[in-house]
Each structure stands twice: as structure tokens, then as C-alpha cells.
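Q: I have a structure open and want to go through it with you. Can we take it piece by piece?

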2 protein chains.
Amino acid sequence: MDQLLRVQNFTVSSDGVAAREDQSLERPFGHGIDPGELFAWAGATASWPGRTEPGGSRGLDDYFTRDFSHHIGAEIMGRNKFGPQRGPWRDHEWRGWWGDEPPFHTPVFVLTHHERPSITLSDTTFHFVDGDPATVLARAREAARGKDVRLGGGVTTIREFLDADLVDTLHIAVSPVKLGPGLRLWDSPDDLRDRFHLDTVPSPSGVTHHLFWRK
Amino acid sequence: MDQLLRVQNFTVSSDGVAAREDQSLERPFGHGIDPGELFAWAGATASWPGRTEPGGSRGLDDYFTRDFSHHIGAEIMGRNKFGPQRGPWRDHEWRGWWGDEPPFHTPVFVLTHHERPSITLSDTTFHFVDGDPATVLARAREAARGKDVRLGGGVTTIREFLDADLVDTLHIAVSPVKLGPGLRLWDSPDDLRDRFHLDTVPSPSGVTHHLFWRK
């Protein structure tokens with residue numbers, strides 16, 4: 001079986017925005033973007049990894065929330081998903097947003113021009129790699145030991161891998177919220193239809209799941 | 001985490017029929033029911049276990065096809081799903097419809113008043129058990145080692161476990177085909193709404209996925 005490169009549970013606004021450029025420690029998604037609101041569809045499900053009490057829905061949104069880790073053996077993410085710093089690392093104290101138990105449970109390859117030693121937190125290991133998308137993907141595939149690789153975002157990273165024609169499937173949840181200026185995945189989902197099939201699936205929660213797979 | 005009892009990828013006609021009573025070796029679903037037609041939505045997906053050549057869709061229907069085995073540690077099925085025989089076994093030659101590589105890959109508990117020795121075929125072991133739903137479920141949960149249990153059908157078995165209030169979630173694909181007389185899961189999906197939440201999700205393939213979870 002092929003090892004796919006999959007975008008999973010990536011959420012954008014109705015106008016295609018996932019984050020803003022003024023990311024900071026206090027605002028991981030930038031000014032005026034409340035991740036709780038953007039990810040409310042997933043947070044309401046029984047399978048949400050951050051759930052602290054029982055309950056949650058087991059309908060359509062739960063299928064996608066669960067699928068985040070199914071058959072995934074590695075993740076690739078951009079440096080700005082890992083942290084708000086820019087340029088050379090001042091020190092190695094920053095270990096990501098996720099505390100001692102990151103929700104990845106696999107090797108994670110962080111794209112950066114400023115390499116640093118790998119970090120292991122519980123069952124997640126972050127590797128810091130400089131390289132073109134195809135080279136980094138080859139490394140992630142090897143680490144994934146036969147399983148698929150998740151492309152974790154953000155927008156800039158996904159667009160880079162789309163430009164290199166390396167993405168096999170995308171699950172993008174489009175939230176009903178409009179965000180205005182920001183880092184934009186697309187002008188319209190139709191932008192990808194020359195290369196991908198598309199199923200558009202409205203959920204009772206208000207988001208519309210967009211499922212793309214290569215033609 | 002709870003061990004759920006889940007109905008997965010169970011397909012019925014628009015009028016709620018999954019099979020007919022005149023099941024035979026030649027017609028596993030009974031006269032006039034073509035399983036290829038009923039399961040066309042799953043057969044067209046990339047993840048269909050019976051797929052012999054590459055290709056297939058990776059849209060909405062593929063999510064459900066893949067979910068068939070996710071986090072499942074055992075199955076419970078009625079005897080009529082296992083084979084067309086009725087009454088005492090004349091011999092033990094019948095080993096199910098699925099050949100040497102059954103698609104279950106876990107212990108399977110076959111409900112029957114006529115017990116016989118267990119059979120192992122590849123990584124599937126069939127156990128033949130006589131008992132009320134709660135007792136059989138307890139056995140299946142133990143065999144599932146922390147994972148969920150799939151309730152595999154047919155209709156009579158699903159209704160028995162619903163009557164005993166043991167089912168946690170159901171995924172029922174309703175095909176656009178109308179079948180008329182037969183073994184009927186429901187008069188209408190609304191029959192279950194007193195005890196279950198329901199998401200109704202139309203797929204571009206023509207089936208409508210019904211996702212139920214306990215209130």
C-alpha cells in the first residue's frame with residue numbers, strides 16, 4: 001500500500017484564512033483568531049484529545065477528529081506551527097506549544113532554516129530539518145515505517161507541498177466564521193479542483209468538510 | 001476509555017431492508033438482492049478490502065469504509081451472517097463465506113443455539129456461542145482487549161442488541177435502492193431517535209450515511 005501524504009483536520013475560515021502573520025506567544029494563531037472558536041467543531045466531539053470530561057458527540061465531526069491519527073506514522077510541520085520565534089534560536093528552551101504530552105505520538109519533522117538538536121517529549125520526537133519538500137517527505141516516510149505522513153500546516157507549508165505536487169489527500173474543515181486579512185490557504189476550494197477530486201460535506205455543527213484526493 | 005459496541009457500515013435499502021429470509025448458498029442476501037449493488041458505495045472506495053486493482057475514491061465514503069476496522073478488537077454476528085444453514089450443523093465443513101482470509105482480523109462470536117468448535121482462518125477466529133446478548137457482549141469485550149466491539153449484523157442480531165439497549169453507536173448507510181419485502185432494520189431511522197442522536201450525511205455516491213450515538 002502507498003504511503004500517502006495527508007492533510008488532516010486543517011481548519012480555515014469561510015474566506016480561507018487559518019492564521020495571521022502577527023503570531024505571538026499569547027496568540028498562537030495571531031490577533032483576533034480564537035482557536036477555541038475555529039476548532040469548536042472538533043472540541044465538541046467525543047474523540048477530541050484535549051477532552052477532560054466524558055461526553056461529546058459521536059457523529060460526523062467525530063469521524064474526522066478520530067481520523068487525525070489513524071494510520072499516521074509521522075508529521076511534517078512548518079516552524080511557525082512549532083512556535084512563535086523567528087530567525088536563529090536564541091536558546092533551546094522552547095519545546096512547542098503542547099507541554100509534556102504532545103498530541104502527535106510519532107516523529108515530527110519541523111521545517112526550519114535554523115537547525116537544532118531533536119527533542120523527545122513522551123512518545124513524540126521533534127526533528128528540526130532544513131530541506132526542500134521532497135527531501136523532507138522522503139525522510140518522514142522512512143520514519144513513518146509504512147504508515148502515512150500527515151502534513152500538519154500551517155498554510156505556508158501546505159501551499160509549499162501543494163506547489164511541489166506532493167500532497168495526496170486533504171481534509172479541510174471550513175468554519176462559518178469570516179476572518180478577513182490573514183494567511184490564506186485558498187481564494188476558493190475550487191482552486192484545487194484541477195488536480196483533485198472534491199467531496200463537500202456539510203456538518204450539523206456548521207463547518208463544511210472538504211475532502212480532496214488526487215485525480 | 002469505554003469499550004463501545006458499534007454497528008459499522010451496515011447497509012440497508014431506502015425502505016430499511018438488508019436481506020431476505022430466503023437466504024441460500026447462491027444468494028447470501030436472499031432472492032433479488034445483489035450485494036454488489038447494495039455495497040457499491042463502499043466497493044468504489046480506495047480502502048475497500050476486496051479491491052484488486054489500484055484506484056478508488058478517497059472522499060466521504062472512504063472514511064466510513066476505513067473506519068470498519070479502526071479500534072475494533074472483536075465482532076459479534078448472527079449465525080445467518082456466517083452461513084445459510086439452519087438448525088443443527090450436519091458437519092463442520094462450512095467455514096463462512098469469506099475463504100481463507102476473512103476480513104475481520106479479530107475474534108468473531110457467532111450467535112447460534114448449535115455450538116461447534118472454534119475455527120481459525122488466518123488472523124480471524126470464529127467462536128460459536130449460545131447466550132443472551134449481554135453475556136455474549138461481555139465475552140466479546142474481554143476478547144477485544146480494550147478495543148471496541150463491532151456488531152456485524154444481520155438485522156435480527158442488531159435488533160436483538162438494540163432491544164437489550166446494548167448498542168452505543170450505529171453507522172447505517174441507506175442506499176437509494178428500494179427493496180420491498182425483507183428483513184427490515186426499521187420502518188424509519190426516526191424509530192431510534194428516542195434513544196440516539198442522529199447525524200444524516202448525504203454522500204455524492206447516492207447513499208445517505210446515518211450516524212447514531214447514544215443520548
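Q: Which residues in helix 3 of chain A meet helix 3 of chain B?
A: A:Leu60, A:Tyr63, A:Phe64, A:Arg66 and A:Asp67 meet B:Leu60, B:Tyr63, B:Phe64, B:Arg66 and B:Asp67. Contact means heavy atoms within 4.5 Å. Helices here are DSSP runs of H or I with at least four residues, strands are runs of E with at least two, and both are numbered from the N terminus.

Q: How do the residues of that contact divide into nonpolar, polar and charged?
A: Six are nonpolar, none is polar and four are charged. Ala, Val, Leu, Ile, Met, Phe, Trp, Tyr, Cys and Pro count as nonpolar, Asp, Glu, Lys and Arg as charged, and the others, Gly among them, as polar.

Q: Before we go on, what kind of model is this?
A: It is a predicted model, in which local features need pLDDT of at least 70 and side-chain atom pairs count only at pLDDT 80 or more, while totals for chains, interfaces and linings use all residues. Residues are numbered from 1 along each chain as its sequence is written, chains are lettered from A and ligands numbered from 1 in the order in which they are written, and side-chain values use heavy atoms, with hydrogens and water left out.

Q: Back to the two helices. At what angle do the axes of helix 3 of chain A and helix 3 of chain B cross?
A: Roughly 70 degrees, and the axes come within 11 Å. Axes are lines fitted to C-alpha atoms, for helices over the stretch in contact, and angles run from 0 to 180 degrees between N-to-C directions. Helix 3 of chain A is therefore roughly perpendicular to helix 3 of chain B, a label for angles of 65 to 115 degrees.

Q: What rotation superposes chain B on chain A?
A: One of 180 degrees with 0.0 Å of shift along its axis, at an RMSD of 0.0 Å. That is the relation of a two-fold axis. The superposition is by least squares on the C-alpha atoms of residues with pLDDT of at least 70 in both copies. The same surface serves both copies, as 100% of the contact residues of chain B recur in chain A.

Q: New topic, the sheet in chain A. What is the strand order?
A: The order is 5-6-4-3-7-1-8-11-10, in an open sheet of nine strands with mixed pairing. Two strands pair if DSSP finds at least two bridges between them. Strand 5 (119-121) and strand 10 (196-202) of chain A are the edge strands, each paired on one side only. Neighbouring strands are turned by 20 degrees against each other on average, direction ignored.

Q: How many bridges join strand 1 to strand 8 of chain A?
A: Five, and the two strands run parallel. A:Val12 stands opposite A:Val174 in strand 8.

Q: Which strands does helix 5 of chain A lie across?
A: Helix 5 (residues 133-143) lies across strands 1, 3, 4, 6 and 7 of chain A, and runs at about 170 degrees to strand 4.

Q: And in chain B, how do strands 10 and 11 pair?
A: They pair in the antiparallel sense over seven bridges. B:Pro202 has B:Thr208 of strand 11 as its bridge partner.

Q: Backbone oddities next. Where is there a cis peptide bond in chain A?
A: Between A:Gly153 and A:Gly154, with omega about 0 degrees. A:Gly154 is in the loop between strand 7 and helix 6 (155-163). In chain B, the bond from B:Gly153 to B:Gly154 is cis, with omega near 0 degrees.

Q: What is phi of A:Arg145 near?
A: Phi is near 45 degrees, a positive value in a residue other than glycine. A:Arg145 is in the loop between helix 5 and strand 7 of chain A.

Notes
Angles under 35 degrees count as roughly parallel, over 145 as roughly antiparallel, 65 to 115 as roughly perpendicular and the rest as oblique.
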